Amino acid sequence: GRSTNATSPSLGFTAVPIGNADNVVVPEGYRVQTLIPWGTPINGDIPEFAYDNSGAEQAQQIGSHHDGMHFFPIEGSSTDGLLVLNHEYVEPRYLHAAAAGLALNRDQFLQNDDGSRDADQVLKELNAHGVSIVRIRQDDSGQWQVVRDAFNRRVTGLTPMHLAGPIAGTAHVQTKYSPDGSMVRGTLNNCAHGVTPWNTYLAAEENWAGYFANADTEIDRRQTRYGIASRSEGRYQWHRADSSADEFVRFDASSHGASAHDDYRNEPHAFGYMVEIDPFDPDAVPIKHTHLGRFAHEGVVFAPAVEGQPVVCYSGDDARFEYIYKFVSRRPYHAATADGSLLDDGTLYVARFHEDGSGEWLALAPGENGLTPENGFEDLADILVNTRSAADHVGATKMDRPEWGAVDPVTGQVYFTLTNNTSREAGQEDAANPRADNSFGHIIRWREDTAHAAERFEWDLFVLAGDRSDSRDLSGDTLGEEAIFASPDGLWIDPDRRVWIQSDIGESDMNRGIYEVFGNNQMLAADPDSGEIRRFLTGPIGQEITGVITTPDQRTMFVNVQHPGATTSEEGFAAGRHLSHWPDGGDALPRSATLVITREDGGIIGA
Ligand code: FEO
Ligand code: CA
Ligand code: CA
Ligand code: CA
């Protein structure tokens, strides 16, 4: 059931060296342009970017912390399309720099004397999250420009959305705002993404749990298994906004009223999903598809759709010792009628990797694999709202932080990055997660038995990332200087089968200790057959490289730079020294932005 006609892709560029400077470096013969930095106006009355933009203005501008991204061509064009991208989170010290007199330290936010938060700053933080849809076009000089267009749109932490699938309408998600459990406001911590076979965009909700406060002493697994603890304060404390507006108060999940219809005890149960957005319908209400599971969704990747066969997609839960999942639709795919309802009826599976290189998919469904009321799983909605607990119960393989997945467009082989895990103790290793101290991460891949909907597969390790001594490529060698990297995260396989790998060494680790040799975060390209890896790009100081897609002709590539300047020390920041001024230079604050990469000779990127 697999192609044998796969041609290996060319890697026709000269590797760039490790980077430590505050700039972007691409291979000789390539050009790079910076587009849509945080704050770029895209719609409405077009407020120009300024450090003191209001919360309302932020809703008409590109958000912060660019992440997963796709280019939706308009009528097949490679010079005109909709760029759709996620905004994962915000750094208040940059978002409120003007109000703070540039004196905030990392992870601090501004509070009033009584501990409440300025409502407009809360609004700005919510509106800097979410998704941007922006039309872009290449002009005659080869530069890409934002087009002010009716398609341009922001989806934010406040946008009303539908819940769909088995959890929708149940008691799990009934709130004061939506007593029938059909709606929720906003999407948060949108990390990576997916593109459906019917050409819509899915934004993942990853580290949503940290946004909620909860003062209750008794909290059940629907929150505790996801990291919401008793007396949690919430990452940005939005519930303490000084306006007391219901849309801010709801981030307090404590039980205040007599029932769930009086408060927001169930609000966290409406997060942790994949959110479908139709970029070509600005009026379409986004949809959270609950049957794809509730966890820290890194992203989702679809197998190529086959007429008459089920729709299949894969999603990782990015936390230490969490799992890789697969959804298989019950109804078959038909191109003429396919839509998001295919994602609301099917079977969610979780992966078990056996020591001998085989693997199996375990169904998370009522009565399957011990998921019964006697064992604490009442019905399908209960299983799905407690996806992590269900996966624990069936004995899935605990992975080293599953991040992005990618599917080889020719062979159908599925790749997943496992970014790192330093919490595995000696003796806890397994064949699929072979390092006890996995500081550098690895990439696993598998071939499904017969078809993507199969329940068995064969897997191997594509690469153990790391330095010149502690790494292993497909041929069994250690990585050379042109290939060393750590903490693989973003991943995409282009139509020619180049495997693009992006690194995210965390802010507290990058450029120091065992990570110093890797320099700034970077992007590499790999040959899936030989396993050769070659560094293509290095980014500025303090950022991670994340999000990659080309135009259909593969002659323009878009790549995101997220959180430049994040390594700035607290002392340095307080003294007004920002280690990154990218991309604006001078004394500017750093801003997340999109890179547009082309070749001087107009050729295919990477070839
Ligand atoms: Fe948002 Fe797991 O990276
Ligand atoms: Ca990521
Ligand atoms: Ca990150
Ligand atoms: Ca990451």
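The questions and answers below go through some features of this predicted model and the reasons for the words used to describe them.

Q: What shows how confident the predictor is in the protein chain?
A: On a confidence scale that runs from 0 to 100, the protein chain averages a pLDDT of 95, and 96% of the residues score at least 70. The model also scores ipTM 0.97 and pTM 0.97.

Q: Why is Thr422 called exposed?
A: A residue counts as exposed if 12 or fewer other C-beta atoms lie within 10 Å of its own. Thr422 has 12 other C-beta atoms within 10 Å, and therefore it is exposed. Thr422 belongs to the loop between S21 and S22.

Q: How do you know which residues Thr422 touches, leaving out those up to four places away in sequence?
A: Two residues are in contact if their C-beta atoms lie within 7 Å, and with that leaving-out Thr422 touches Asp437, Asn438 and Ser439. For one of these, Ser439, the C-alpha atom is separated from that of Thr422 by 5.7 Å, although the two residues are 17 residues apart along the chain.

Q: What makes strand S22 mostly covered?
A: A residue is buried if 20 or more other C-beta atoms lie within 10 Å of its own, and in strand S22, which spans residues 442-448, 6 of the 7 residues are buried.

Q: How do you know that S22 pairs with S21 and with S23?
A: Two strands pair if at least two bridges are found between them. Strand S21 (residues 414-418) is joined to S22 in the antiparallel sense over 5 bridges, with Tyr415 standing opposite Arg445 in S22. Strand S23 (residues 456-464) runs antiparallel to S22 and is joined to it by 7 bridges; here Trp446 has Trp459 in S23 as its bridge partner.

Q: Why are S1 and S28 called edge strands?
A: The open sheet has 4 strands in the order S1-S30-S29-S28, with antiparallel pairing. Strand S1 (30-35) and strand S28 (544-550) each pair on one side only, and these are the edge strands. S1 pairs with strand S30 (residues 593-599) over 6 bridges in the antiparallel sense, where at least two are needed for a pair, and Gln33 stands opposite Val596 in S30.

Q: Which residues of helix H8 are buried, and what do the buried residues pack against?
A: In helix H8 (residues 387-394), Thr387, Arg388, Ala390, Ala391 and His393 are buried. The buried residues of H8 pack against strand S15 (320-322), strand S17 (346-353) and helix H7 (380-385). After H8 comes Gly395, which has a positive phi, near 80 degrees.

Technical notes. Residues numbered from 1 in each chain as written. Chains lettered and ligands numbered in written order. Predicted model: local features only at pLDDT ≥ 70, side-chain atom pairs only at ≥ 80, totals over all residues. Helix = DSSP H or I, 4+ residues; strand = E, 2+ residues; numbered from the N terminus.
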